[in-house]
Amino acid sequence: MISQTIQEQIRKLVLPLGIPNTVDELKLAVKEAFVITEEFSLQYMDSDFHDFFTLTSTDQIQHKDTVKVVFPSPVVLTFCYSGADVSTTQSDDALSSSSQDTLILSPQSSPDRLPWPQEFTIPCFSPEVQIVLEKAMEAYMRDGTLMSVQNVKRNITERLTQAIYAYTAYPSGMQIICVAEALVRKYPCLKEPGSLSGYYGWQMSLKYKMADYRRRLSKFGCPEVTCNTLKSKSPENRKPAKNVKKPRKAEVNYLPPYPTGQSEESLEQERLELLSEVKKRDNTMVIKAKMAKTFTLRRHEVVNLSPRVVDFKDRWPALFNPQQINEEFRRITTLDLEPKFMQMLDQYTPNLLSIFCAKGGALGQTLQDKMVAIHQVF
């Protein structure tokens, strides 16, 4: 349980499954619990300084801690028609300016995906569907009556499809099962009579609904989906099920769209500028900013063109810097490379050691000699 401070309100947030593993999952829980549609950041109360600091990891908070929800201020541009430069301010006084010479830019929502959660949270449905579900749950709790879903199934699967797309456009069979299972667990009245699991029909409906949703997205030019259309494939691969490009495990930002106001041509110009910036000394911050800005262009090259490593290195030499390798890994997976690697190494080390000890022959003897040295250290 965490106390949440939202603007001038102090409200309580209950997390039945405990504090999430990532900040993004916690933000999603806050959005759904308090019906927040705007973008925001989270701050936590530091016990040492008795002040709020930006929350970068859920390890920084504990049971009954206070977390502050911070909304970004709008950017106000005041246009001066006398020929003077455009001035930018964030003060409240500027909000009283005439609507004819003031433009308020709302913060742009991030297109980044969220990693698949350990426990899928069923989103809120439309008001009419929620009313029907509440009445059906009352009947189920009273006498175990199952609900007839013909009138609401389409609305439910449509909303679940949108919730799944927030994580991935190509959910695996196991992920779809997790969603269907979470649905009937939250609303037992939706279980299917005669089904062993109670959700097999929901599972199949979600599978076909996601396929239909991807077809609709392709019409709007969603790059993650259009890369698999027949027009985008080479002549020898023009079959629906052949060479389907989709995220692998842990790839969250697989093929994001170009940022607003950017195109392939503008990002290519940024890449050319980046080539000259790499040659300069003490230019880490500029390189980092340009690498982040051109991330979409690189992903389009990797996914759609599959370039050779030597060619890709010529086009993106900055990417082969250790620091930028870590940054690129974070952009794709939202995880830190080195801590994640060390965590998994600690997890698999006992099994690796047992495999080394069981190895025979000359290689096994070499490994045993090295294992003796390792055991002496530890």
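Me: Before we start, what does buried mean here?
Reply: Buried means under 20% relative accessible area, and please keep in mind that this is a predicted model.

Me: OK, is Thr157 buried or exposed, then?
Reply: Thr157 has a relative accessible area of 5%, which is under the 20% limit, and therefore Thr157 is buried.

Me: Where is Thr157, and which residues does it touch?
Reply: Thr157 has its place in helix α3, residues 153-165, and, leaving aside residues up to four places away in sequence, Thr157 touches Trp202, Ser205, Leu206 and Lys209.

Me: Switching to α9, why is that helix largely enclosed?
Reply: Helix α9 spans residues 295-305, and because eight of its eleven residues are buried, it is largely enclosed by the rest of the structure; the buried ones are Phe295, Thr296, Leu297, Arg298, Arg299, His300, Glu301 and Val303.

Me: And what covers them?
Reply: The cover over the buried residues of α9 includes α6 (223-226), α7 (264-278), α8 (284-293), α10 (309-315) and α11 (322-333), while Ser306, just after α9, takes a positive phi of about 50°.

Me: Now pockets: what volume does the second largest one have?
Reply: The second largest pocket has a volume of about 790 Å³, and of the 26 residues lining it, Pro16, Leu17, Ala29, Glu119 and Thr121 are the closest to its centre.

Me: Which helix gives the largest share of that lining, and what classes are in it?
Reply: Helix α1 gives the largest share, with five residues, and both α1 (23-34) and α4 (173-186) supply at least two residues each; by class, the lining of this pocket has 17 nonpolar, four polar and five charged residues.

Terms used:
Residues are numbered from 1 along each chain as its sequence is written. This is a predicted model: local features need pLDDT of at least 70, side-chain atom pairs count only at pLDDT 80 or more; totals for chains, interfaces and linings use all residues. Side-chain values use heavy atoms; hydrogens and water are left out. On a 1 Å grid over the protein atoms alone, a cavity is a set of points where a 1.4 Å probe fits but cannot get out, and a pocket is an open set with protein on both sides within 12 Å along at least five of seven lines; lining residues have an atom within 4 Å of a point. Grid points are joined across faces, edges and corners, and a volume is the space filled by probe spheres set on the points. Helices (H or I, at least four residues) and strands (E, at least two) are DSSP runs, numbered from the N terminus. Ala, Val, Leu, Ile, Met, Phe, Trp, Tyr, Cys and Pro count as nonpolar, Asp, Glu, Lys and Arg as charged, and the others, Gly among them, as polar. Buried means under 20% relative accessible area, exposed over 50%, partly exposed in between (1.4 Å probe, protein chains only). Contact means heavy atoms within 4.5 Å.
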